[in-house]
Amino acid sequence: MRPWILGYATDMRGFLRSKRARWSALGLLFLALLALAAPWLAPKDPDLIDLPRRLLGPGSGSWLGTDALGRDLAARMLYGARISLGVGTLAVAMMTLIGILMGTLAGHYRGWVDMVITRAIDILLCIPTFYLILALIVLLGPGIMNVVVVLALTGWTETARLVRAEVLSLRDREFILSARAAGASSSRVMFRHLIPNALGPVYVSAAFGVAGAILLETGLSFLGLGVQPPTSSWGNILEEGRQNISTAWWLTVFPGLAILVTMLLVNSLGESVRRYFDSRSLDGRHG
């Protein structure tokens, strides 16, 4: 039997028929290409201090103006996109992998394994996520990789719950029983049959999770607990703009717009993914 999720992967034309999905995907691809091409597109070194040119407005020899140290805002925005988008994507990838593994183990083995994992999930859900993230960042220290690790360690619970529910509904299906009767090992049953068939809701959760991860990274950097200067991210650019908000509006408006547009695109794509998988399920493609 071919897992239904593989049928989705080979039939993306239905998904791409949606104008909303196409434009959202193209918009995010454009942002990603801008971030990747930052070394070639940036008009200047993002860390180059030029005090005589401090707090110049847009168009004064700089596309988006300069900050309080005379650094080019356009260059810092492009390099900041690499950090903000990269941290959000990597954190979601890590938390998704952890959630898939934990949810599969809980749903497949049940018993004490399920009890331990579900109790761990319940404990983490009882603690306000942002305060837990702040505590771990203070413990580990600020930095790009620490932010990624902390976001992954605190964000896997939702994926684990979704995968566990899917695995519990699949573990007694005919094709799983047939695989066991044929002598398939537990690891083969999990990785060959259970996980591929349980990934539909995970894709939806991951799509929306990217937006949350980017916002959390931005918030941590804004508070000085995330990416540390002189490395630029949209969050610490906003913090620099806050200090000069009355005299340099561009330092808050442009990074704020970048964050807003990214959130709209990611959430729009996530909604399109959700509708696509819902429609596929209703069509009976998971049989």
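Biologist: Which residues of helix 13 are buried?
Modeller: In this predicted model, the buried residues of helix 13 are Trp-234, Gly-235, Asn-236, Ile-237, Leu-238, Glu-239, Glu-240 and Gly-241.

Biologist: And how many of its residues does helix 13 have in total?
Modeller: Helix 13 has 10 residues, and 8 of them are buried, so the helix is mostly covered by the cut-off of under 20% relative accessible area.

Biologist: How much of the whole chain is buried?
Modeller: The chain has 287 residues, and buried ones make up 45% of them.

Biologist: Okay, zooming out. How many helices and strands are there?
Modeller: There are 14 helices and 0 strands. Reading along the sequence, you get α-α-α-α-α-α-α-α-α-α-α-α-α-α.

Biologist: What box do the C-alpha atoms fill?
Modeller: Taken along the principal axes, the box is roughly 75 × 45 × 25 Å.

Biologist: Back to Gly-241 for a second. How far apart are Asn-267 and Gly-241?
Modeller: Asn-267 and Gly-241 are 26 residues apart in sequence, and their C-alpha atoms are 26 Å apart in space. Asn-267 sits in helix 14, which covers residues 250–282.

Biologist: Why does Asn-267 count as partly exposed?
Modeller: Because its relative accessibility is 34%, and partly exposed runs from the 20% cut-off for buried up to the 50% cut-off for exposed.

Biologist: New topic: pockets. How much space lies in the second largest pocket?
Modeller: About 340 Å³.

Biologist: Which residues lie nearest the centre of that pocket?
Modeller: Met-95, Thr-154, Gly-155, Glu-158 and Gly-209 lie nearest the centre, out of 22 lining residues. The elements giving two or more residues to this lining are helix 5 (73–109), helix 6 (111–126), helix 7 (129–140), helix 8 (144–155), helix 9 (157–170) and helix 12 (200–222).

Biologist: Which helix gives the most to that lining?
Modeller: Helix 12 does, with 7 residues.

Biologist: And what classes of residue does the lining have?
Modeller: The lining of the second largest pocket has 12 nonpolar, 9 polar and 1 charged residues.

Biologist: What about the outside? Which residues make the nonpolar surface patch of about 580 Å²?
Modeller: Trp-23, Leu-26, Leu-29, Leu-33 and Leu-36 make that patch. One of them, Leu-26, is in helix 3, residues 19–36.

Biologist: I see spacings of three or four in those numbers. Why would residues three or four places apart point the same way?
Modeller: An α-helix has 3.6 residues a turn, so residues at that spacing face the same way.

Biologist: Is Leu-26 buried, exposed or partly exposed?
Modeller: Leu-26 counts as partly exposed, because its relative accessibility is 48%.

Biologist: Let's look at the backbone. Where is there a cis peptide bond?
Modeller: The cis bond joins Pro-229 and Pro-230, with omega about 10 degrees. Pro-230 is in the loop between helix 12 and helix 13 (234–243).

Biologist: What sign does phi have in most residues other than glycine?
Modeller: Most of them have a negative phi, and most peptide bonds are trans. Leu-55 has a positive phi near 55 degrees, and Leu-55 lies in the loop between helix 4 (38–41) and helix 5.

Biologist: And what is phi for Arg-110?
Modeller: Phi of Arg-110 is near 50 degrees, again a positive value in a residue other than glycine. Arg-110 is placed in the loop between helix 5 and helix 6.

Biologist: Is Arg-110 buried, exposed or partly exposed?
Modeller: Arg-110 counts as partly exposed, because its relative accessibility is 40%.

Notes: Residues numbered from 1 in each chain as written. Predicted model: local features only at pLDDT ≥ 70, side-chain atom pairs only at ≥ 80, totals over all residues. Heavy atoms only, no water. 1 Å grid on protein atoms, 1.4 Å probe; cavity = no way out; pocket = protein on both sides within 12 Å on 5 of 7 lines; lining within 4 Å. Points joined across faces, edges and corners; volume = space filled by probe spheres on them. Helix = DSSP H or I, 4+ residues; strand = E, 2+ residues; numbered from the N terminus. Nonpolar A, V, L, I, M, F, W, Y, C, P; charged D, E, K, R; others polar. Patch = residues over 30% accessible without salt bridge, like charges linked within 9 Å, V, L, I, M, F, W, Y side chains within 5 Å. Areas by Shrake-Rupley, 256 points an atom, 1.4 Å probe, with all protein chains shown as cover. Salt bridge = Lys/Arg side-chain N within 4 Å of Asp/Glu carboxyl O. Buried < 20%, exposed > 50% of the residue type's maximum accessible area, 1.4 Å probe, protein only.
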